Amino acid sequence: MIDSSSRKWRPVFPLVCLMLMPSVVRAFAFDEVVDQARTLSTSEYTAPEPAPQFLRDLSYSRYQSIQFRPESSIWRNSGSPFQIMMMQPGSVYSHAVELNVVDGEGVRAVPFRKSDFSYPDEELGKRVPADLGYAGFKLTYPLENPESSNQFLVFGGASYFRGVGKGQVFGLSGRAVTVNTGLPSGEEFPSFTKFWLVRPANDAEKMVIFGLLDGPSLTGAYRFTVSPGENTVIDVDARLFYRNDVEQPGLAPLTSMFYYGENSLKPRGQWRPEVHDSDGLVIHDQATGEWLWRPLVNPEKLRLSYHTVERLAGFGLMQRDQQFNSYEDNEARYENRPSGWVEPKGDWGSGQVALVEIPSKSEANDNIVAFWTPDEPALAGDAVKLSYRLHFGQPGISQQPAGHATATFVGGSEGADATENAFRFVIDFEDGPLDPLGADAAVISNVSGGEGVEVLEHFVQYVEAKDVWRLSVLARPDRSKGLSLRGFLSLDGEPLTETWTYELGVDSALRQQPE
């Protein structure tokens, strides 16, 4: 629940009480992190001390050649199913963070040990300071079999953390918070500066992590209760303290990459059919019951769009296309990238799900951000409480019951019915209430256009070769306003599918416009 009604603080969360270790419960509590964040917010912001320049100048591939030795993992051979692998500063990981372990002996700092890493050459290794510190950490758990030690969650870089479910490879990221993302004023990047990792019991299936966040405009205390598995689930409890007014706070943010897909032009020189970590945004409005699907685009210019929700039940960035032949990339394995789903706890009040789409000429750039931004202003001195459940895993983590869009194709008007300046959209729907329908079912297409968009025709047909219901739309946008469309399928007046939405800015529309 979000509560920013006053500066007065009412502790609502008890001590760690997840059946970990009784001595741990008495040794450290979330309230201690909250107190640190609150106190920190009353002082001026001091940026973390950066790592040595030669480490920050390392290319990402060069940095990746610095390997942590698995035998140095915390809790190795201790009987714990969880182990901790550390990360060294360098490349995009620009500063160290303080790591602490909480166990039956209390709170203990984790000292940096250069010997825990192997370096690609002696020259680089000898330049690394003996007191460098760690940039973050990776958690492992036996996901594949009882003898395995699989990485499933990584905290590293600003407030980023990445998670996967069983059999997946890392893709999109969660973040603690965003500040003014996508605005002309420029974005701030608050960072975690301290972590406390609570040692679970040897038979535990959950683990607790506390984090202290600091940034120019706010501080924060976070508790992550982590449950790895087929889908990895993280219960997040947060307290934010604002130093300054923030024009656009981004709560429960997700960050991902969309380079191109079946709905966009393939960049020159690319042979792979699609390249993306996520292919769409899903939003569920509990008040109306509507499920919304927005395919992602890689725009010509930065695009910031807002989706107003009466009562948010969830939102997420999904990787629905899980076919290898959609990507043909045997190294990146985009078909195995996770989806991310945010499930609020309590009523978050009024606000919008914001989607930021940033132009990118490379798959190396995370150019997609989705987050909740409340209508309530974020003012200096405010204290905000936030709780939600974050899922990393298969697209089904949203538990959406409606038929959903699995592909969106975009082209110009062609053939005998060619219409000047018009677009043809073809959207495939499947699953949910569509599954039991026969090919002769009286399914109806429902399509509407935004301002300046002329919907010239729309119809639906069953495609037996793919076992999908295909919506076809011909629409002509106002060339000065771009294009916005909505569509869904129904039967006997009842919706069968989520609502598909699509937006193209003026520049993107003109670029894709047929000659």
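Two strands count as paired if DSSP finds at least two bridges between them. With that in hand, we can walk through this structure, which is a predicted model.

## Strands that pair around E31

Let us start with strand E31, residues 483-491, which is joined by six bridges to strand E28, residues 444-449. These two strands run antiparallel. To find a pair of residues in this match, look at Ile444, which stands opposite Ser490 in E31.

Strand E31 also has five bridges to strand E33, residues 499-504, again in the antiparallel sense. Here Arg486 stands opposite Thr501 in E33. Strand E32, residues 494-495, pairs with E31 as well, over two bridges. In this antiparallel pairing, Ser490 has Pro495 of E32 as its bridge partner. Ser490 is therefore worth finding on your screen, since DSSP bridges are what define a pairing, and this residue appears opposite Ile444 and as the partner of Pro495.

What lies between E31 and E32 in their hairpin? Two residues separate the strands. Asp492 in this hairpin takes a positive phi near 55 degrees.

The table gathers the pairings that come with a bridge count, including one from the sheet described next.

| Strands | Bridges | Direction |
|---|---|---|
| E28 (444-449) and E31 (483-491) | six bridges | antiparallel |
| E31 and E33 (499-504) | five bridges | antiparallel |
| E31 and E32 (494-495) | two bridges | antiparallel |
| E27 (423-430) and E30 (468-476) | seven bridges | antiparallel |

## An open sheet of four strands

Next comes an open sheet whose four strands follow the order E26-E27-E30-E29, with antiparallel pairing. Which strands stand at the edges, and why is one side of each without a neighbour? The edge strands are E26 (404-412) and E29 (454-463), and each has a single partner strand, so one side of each is left without a neighbour in the sheet. On average, neighbouring strands of this sheet are turned by 15 degrees against each other, direction ignored.

Within the sheet, strands E27 and E30 are joined by seven bridges. One residue pair to look for is Asp428 with its bridge partner Arg470 in E30. As you look along a strand, keep a general pattern in mind: in a regular strand the side chains alternate between the two faces of the sheet.

## Empty space inside and at the surface

How can empty space be found in a structure? Rolling a probe the size of a water molecule over the atoms shows where empty space is left.

Searching the whole structure this way turns up two cavities of 30 Å³ or more. The largest cavity holds about 100 Å³ of space. It is lined by 13 residues, and the closest to its centre are Glu262, Asp279, Trp293, Ala407 and Thr408. Strand E19 (291-295) and E26 are the elements that give two or more residues to this lining. E26 gives the most, with four residues. Sorted by class, the lining of the largest cavity has five nonpolar, five polar and three charged residues.

Strand E26 turns up again in the second largest pocket, where the largest share of the lining, four residues, comes from E26. This pocket has a volume of about 500 Å³. Of its 22 lining residues, Arg320, Asp321, His404, Thr406 and Glu430 are the closest to the centre. The lining of the second largest pocket divides into six nonpolar, nine polar and seven charged residues.

## A few single residues

Is Thr181 buried or exposed? Thr181 has 2% relative accessibility, so it counts as buried. Thr181 lies in the loop between strand E10 (177-179) and strand E11 (191-198), and its side chain makes a polar contact of 2.8 Å with the side chain of Glu187.

Ser61, in helix H4 (residues 60-64), counts as exposed because its relative accessibility is 57%.

Two alanines round off the tour. Ala158 has a positive phi of about 50 degrees although it is not a glycine, and Ala252 likewise has a positive phi of about 50 degrees. Ala158 lies in the loop between strand E7 (150-156) and strand E8 (160-163), whereas Ala252 is in strand E15 (residues 249-256). At 23% relative accessibility Ala158 counts as partly exposed, while Ala252, at 1%, counts as buried.

How values were computed
Residues numbered from 1 in each chain as written. Predicted model: local features only at pLDDT ≥ 70, side-chain atom pairs only at ≥ 80, totals over all residues. Heavy atoms only, no water. Buried < 20%, exposed > 50% of the residue type's maximum accessible area, 1.4 Å probe, protein only. Axes fitted to C-alpha atoms, helices over the stretch in contact; angles between N-to-C directions. 1 Å grid on protein atoms, 1.4 Å probe; cavity = no way out; pocket = protein on both sides within 12 Å on 5 of 7 lines; lining within 4 Å. Points joined across faces, edges and corners; volume = space filled by probe spheres on them. Nonpolar A, V, L, I, M, F, W, Y, C, P; charged D, E, K, R; others polar. Polar contact = N/O pair within 3.5 Å; in protein donor to acceptor, adjacent residues only side chain to side chain.
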